[in-house]
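I opened a fresh page today for a structure that was new to me. Here is what I looked up, in the order I got curious.

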Amino acid sequence: EQGVSATVADARFCKPLDTKLIDRLVKEHPVLIIVEEGSVGGFGSHVLQYLAMSGQLDGNLKVRPMCLPDLNIEHGSADWQLEQAGLSPKQIAATCLATLGKSREALEVTI
């Protein structure tokens, strides 16, 4: 709907890090959004460390890690909790669009 195509890759596990998958994704895409239901210091941090050490953050690649915020989230449905954490499908799509420079479109995301 917004003229953007995406690749969804399931990393499955944090260690050992699948560097071949990360290298392929970075080579094929200008933006990497890392979504995890974990906290800062998790999978996204490992990916960023690898990208930094391999020099892949030295160019035009845009990376946005999305993870659980450092706050208590009340009990509720999984959808409600993801919304509170900023990890709902709408929030992920908006982050993607904003990272691509489509800030206005990001405000209009409907899922």
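My notes below go from strands to helices, and then to single residues.

**Entry 1: the model itself**

I reminded myself at the start that this is a predicted model.

**Entry 2: the strands**

I began with the question of how strands β1 and β2 pair. I found that β1, residues 31–35, and β2, residues 62–66, run in the parallel sense and share five bridges. I then looked up partners across the pair. Valine 31 has lysine 62 of β2 as its bridge partner, and valine 35 stands opposite methionine 66.

Next I followed the chain between the two strands. From β1 it passes through helix α2, residues 43–53, before reaching β2. I noted this β-α-β crossover as right-handed.

I also checked how covered β1 is. Four of its five residues are buried, so I wrote "mostly covered" in the margin.

**Entry 3: two helices meeting**

What angle do the axes of α1 and α2 make where they cross? I got roughly 70 degrees, with the axes coming within 11 Å. Helix α1 spans residues 19–28. Because angles from 65 to 115 degrees count as roughly perpendicular, α1 is roughly perpendicular to α2.

I listed who makes the contact. Helix α1 brings Thr19, Ile22, Asp23 and Val26, while α2 brings Val47, Tyr50 and Leu51.

**Entry 4: valine 26**

I stayed with one residue from that list. Valine 26 belongs to helix α1, and I wondered whether to call it buried or exposed. Its relative accessibility is 14%, so valine 26 counts as buried. Leaving aside residues up to four places away in sequence, valine 26 touches Leu32, Leu51, Gln56 and Leu61. I also took one distance: valine 26 and leucine 57 are 31 residues apart in sequence, and their C-alpha atoms are 9.8 Å apart in space.

**Entry 5: the segment before α1**

I turned to the segment before α1, where phenylalanine 13 is found. At a relative accessible area of 44%, phenylalanine 13 is partly exposed. From phenylalanine 13 to serine 39 I noted 26 residues in sequence and 15 Å in space, C-alpha to C-alpha.

Proline 16 lies in this segment as well, and I stopped at its peptide bond. The bond from lysine 15 to proline 16 is cis, with omega near -5 degrees. I put a star beside that, because most peptide bonds are trans.

**Entry 6: the cysteines**

How many disulfides does the structure hold? I counted zero. Cysteine 14 is in no disulfide, and the nearest cysteine sulfur, in cysteine 67, is 12 Å away. I asked why cysteine 67 has no bond to cysteine 14. A disulfide needs sulfur atoms within 2.5 Å, and the 12 Å from cysteine 67 to cysteine 14 is too far for a bond. I added that cysteine 14 is partly exposed, at 24% relative accessibility.

**Entry 7: two loops**

I ended with one residue from each of two loops. Asparagine 60 is found in the loop between α2 and β2. At 74% relative accessibility, asparagine 60 counts as exposed. Its C-alpha is 8.9 Å from that of valine 31, with their positions 29 residues apart in sequence numbering.

Serine 88 sits in the loop between α3, residues 78–85, and α4, residues 89–99. Here I asked whether serine 88 is buried or exposed. It is buried, with a relative accessible area of 5%. Not counting residues up to four places away in sequence, serine 88 touches Leu82 and Glu83. As a last look across the model, I noted that serine 88 and aspartate 23 are 65 residues apart in sequence and 26 Å apart in space, C-alpha to C-alpha.

Terms used:
Residues are numbered from 1 along each chain as its sequence is written. This is a predicted model: local features need pLDDT of at least 70, side-chain atom pairs count only at pLDDT 80 or more; totals for chains, interfaces and linings use all residues. Side-chain values use heavy atoms; hydrogens and water are left out. Buried means under 20% relative accessible area, exposed over 50%, partly exposed in between (1.4 Å probe, protein chains only). Two strands pair if DSSP finds at least two bridges between them. A crossover is right-handed if, with the strands pointing away from the viewer, the path from the first strand over the helix to the second runs clockwise. Axes are lines fitted to C-alpha atoms, for helices over the stretch in contact, and angles run from 0 to 180 degrees between N-to-C directions. Angles under 35 degrees count as roughly parallel, over 145 as roughly antiparallel, 65 to 115 as roughly perpendicular and the rest as oblique. Contact means heavy atoms within 4.5 Å.
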